[in-house]
Amino acid sequence: MPKYNFSLQHPLANVQTTYSGFDAPICGLDCGQKCAPFNPSGKPFCCDICHAVPAVYREEWDYLQPNTDLWHAWRGDECQSAAPGERADLLASTPENMLLLACLGPAACQRPYRALSCRQFPFFPYVTSDYRFLGLAYDWEFESVCWVISNLNQVTATYRQQFVETHDRLFAFSQEAFDSYQLHSERMRAHFLDQRRRIPLIHRDGGFYLVSPGSERLRRADAHHLPRFGPYR
Ligand code: SF4
Ligand code: SF4
């Protein structure tokens, strides 16, 4: 059984401590080297502003601003190939308690100052329709580009444990954060139902499952035989 250290403090009251507790690499190799060759920009997809715009909690921004020059508030002109209207859509879909940033890019990344959204990518906390945080599901929009999504068996137990612990603490204090992930999980179920596919899930206690998006029933899965996508097939 993992031992969780439930602090009585809101995780965003001390961002530095929260970052330190969620610092484990996602897997035993540099996954950026696996995906970057497939991106015309040569950058890992999650560090390329044309593919992902990081959203941070306002408390993170309050911490980051005086401590690092890594980030600036996202202007919307950082990606030359952005479609018209994309900026307005992204801003409209950003929750009130968050804001969008852009960083100096992967060549100038400062690991201690990566945002929570960098640390959790490509995952989000999967929440059932009866409000249980079950484990890690991935952001399906990145299926065809993110190497990790095609190699879930490479995700380490330490990373999973830190992901779960960080979000358990966050949810203990923020109903808003929990609700937004519940809604995101609902969207994922609708998307997978539409495509008649099951949702791959890394369970919070370990183990890999496929979740039926309709009944939400779990079926144990062999981690080595989970679906692969795009160039990682
Ligand atoms: S998390 Fe995915 S997109 Fe980001 S560097 Fe790793 S493989 Fe690439
Ligand atoms: S801060 Fe680092 S990990 Fe986060 S998006 Fe920028 S380059 Fe990538």
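Me: Which residue takes a positive phi in the hairpin of β4 and β5?
Reply: This is a predicted model: local features need pLDDT of at least 70, side-chain atom pairs count only at pLDDT 80 or more, and totals for chains, interfaces and linings use all residues. Numbering starts from 1 along each chain as its sequence is written, while chains are lettered from A and ligands numbered from 1 in the order written. The hairpin has five residues between its strands (strands are DSSP E runs of at least two residues, numbered from the N terminus). Among the hairpin residues, the one with a phi near 65 degrees is Tyr131.

Me: How many bridges hold β4 and β5 together, and in which sense do they run?
Reply: β4 covers residues 123-127, and β5 covers residues 133-138. Two strands pair if DSSP finds at least two bridges between them. Here the sense is antiparallel, and the number of bridges is five.

Me: Which residue of β5 is the bridge partner of Val127?
Reply: Val127 sits at the end of β4, a strand given as residues 123-127. Look across to β5 for the other half of the bridge, and you land on Phe133.

Me: Which residue of β6 does Leu136 bridge to?
Reply: β5 also joins β6, residues 199-203, and the two run antiparallel with two bridges. Leu136 belongs to β5, and its bridge partner in β6 is Ile202.

Me: Why is β5 called largely enclosed by the rest of the structure?
Reply: It comes down to how many of its residues are buried (20 or more other C-beta atoms within 10 Å of a residue's own; exposed means 12 or fewer, partly exposed in between, with C-beta atoms placed from the backbone). β5 has six residues, so the count that makes it largely enclosed is five.

Me: What is the order of the strands in the five-stranded sheet?
Reply: We've already met β4 pairing with β5, and β5 joining β6. The sheet is open and its pairing is antiparallel. Written out, its order is β4-β5-β6-β7-β8.

Me: Which strands stand at the edges of that sheet?
Reply: An edge strand here has a single partner strand, so one side of it is left without a neighbour in the sheet. That describes β4 and β8 (218-220).

Me: Which residue of β8 partners Leu210?
Reply: β7 takes in residues 208-211, and three bridges join it to β8. The two strands run antiparallel. Follow the bridge from Leu210 into β8 and you get Arg219.

Me: Which strands are the edges of the three-stranded sheet?
Reply: This open sheet has antiparallel pairing and the order β1-β3-β2. Each edge strand pairs on one side only. The two that do so are β1 (55-57) and β2 (71-73).

Me: Which residue of β3 is the bridge partner of Trp71?
Reply: β2 and β3, the latter being residues 98-103, run antiparallel and are joined by three bridges. One bridge links Trp71 to its partner in β3, Cys103.

Me: Which ligand has Cys103 around it?
Reply: A residue counts as near a molecule if its C-beta atom, placed from the backbone, lies within 6 Å of it. Around ligand 1 you'd find residues including Phe45, Phe121, Trp147 and Val148. Cys47, Pro54, Leu70, Gly105, Pro106, Cys109, Arg114 and Cys118 join Cys103 around the other one, ligand 2.

Me: Which lysine is among the residues around ligand 1?
Reply: The surroundings include Cys31, Gly32, Cys35, Pro44, Cys46, Pro122 and Cys146. The lysine that stands with them is Lys34.

Technical notes
Helices (H or I, at least four residues) and strands (E, at least two) are DSSP runs, numbered from the N terminus.
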